[in-house]
Amino acid sequence: MTFVSHTVETGLTHLTEALLANQKHHAETVVCAQGKFYRAEVRLEPLDAETLADHLGD
């Protein structure tokens, strides 16, 4: 698994914690970056311990 930066990884962790605290597993919004608009979406999919290693190698 590769992240663009530690800031992105930390931001995604905080977002995940906020979603779970509100019993949500999905969020979407529109964001503006570098003068363009993008649709951004996050979907949480729980992983079991047996498949975790498969996802860490991506």
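The following exercises, each with a worked solution, concern a predicted model of a single chain.

**Exercise 1. Fold outline**

Determine how many helices and strands the chain has, and in what order the elements run.

Solution.
Step 1. An inventory of the secondary structure gives 2 helices and 2 strands.
Step 2. Read from the N terminus, these elements follow the order α-β-β-α.
Step 3. Residue ranges may then be attached to elements: helix H1 covers 6–21, strand E1 covers residues 26–33, and strand E2 covers residues 36–43.

**Exercise 2. Overall dimensions and burial**

Compare the radius of gyration of the chain with that of a compact globule of 58 residues, and establish what share of the residues counts as buried.

Solution.
Step 1. For a compact globule of 58 residues, a radius of gyration near 10 Å would apply, but the chain has 14 Å.
Step 2. The extent of the C-alpha trace along the principal axes is about 40 × 25 × 15 Å.
Step 3. A residue counts as buried when its relative accessible area is under 20%. By this criterion, 3% of the 58 residues are buried.
Step 4. The accessible surface amounts to about 5,200 Å², and carbon and sulfur atoms account for 57% of that area.
Step 5. Considering contacts between residues at least 6 apart in sequence, 25% connect residues at least 24 apart.

**Exercise 3. Charged side chains**

State how many positive and negative side chains the chain has, and how far apart the centres of the two sets lie.

Solution.
Step 1. The count is 4 positive and 9 negative side chains.
Step 2. A distance of 15 Å separates the centres of these two sets.

**Exercise 4. The strand pair and Val30**

In which sense do E1 and E2 pair, and is Val30 buried or exposed?

Solution.
Step 1. The pairing of E1 with E2 is antiparallel and extends over 8 bridges.
Step 2. Val30 belongs to strand E1, and its bridge partner in E2 is Arg39.
Step 3. Beyond neighbours within four places in sequence, Val30 has contacts with Phe37 and Tyr38.
Step 4. Exposed means over 50% relative accessible area. Val30 has a relative accessibility of 57% and therefore counts as exposed.
Step 5. Turning to the partner strand, E2 is hardly covered, with 0 buried residues among its 8.
Step 6. As a distance check, the C-alpha atoms of Val30 and His6 are 23 Å apart, the two residues being 24 residues apart along the chain.

**Exercise 5. Positive phi angles**

Locate Gln23 and Gln34, and decide whether each is buried or exposed.

Solution.
Step 1. Gln23 lies in the loop between helix H1 and E1. Its phi is positive, about 55 degrees, although the residue is not a glycine.
Step 2. Gln23 has a relative accessible area of 73%, so it is exposed.
Step 3. Gln34 occupies the loop between E1 and E2. These strands form a hairpin with 2 residues between them, and the phi of Gln34, likewise a residue other than glycine, is positive and near 50 degrees.
Step 4. Because its relative accessibility is 82%, Gln34 counts as exposed.

Methods:
Residues are numbered from 1 along each chain as its sequence is written. This is a predicted model: local features need pLDDT of at least 70, side-chain atom pairs count only at pLDDT 80 or more; totals for chains, interfaces and linings use all residues. Side-chain values use heavy atoms; hydrogens and water are left out. Helices (H or I, at least four residues) and strands (E, at least two) are DSSP runs, numbered from the N terminus. The radius of gyration is taken over C-alpha atoms; the globule rule is 2.2 Å times the number of residues to the power 0.38. Buried means under 20% relative accessible area, exposed over 50%, partly exposed in between (1.4 Å probe, protein chains only). Contact means heavy atoms within 4.5 Å. Accessible areas come from the Shrake-Rupley method with a 1.4 Å probe; for residues, only the protein chains shown count as cover. Lys and Arg count as positive and Asp and Glu as negative; His and the chain ends are not counted. The place of a charge is taken as NZ of Lys, CZ of Arg, CG of Asp or CD of Glu. Two strands pair if DSSP finds at least two bridges between them.
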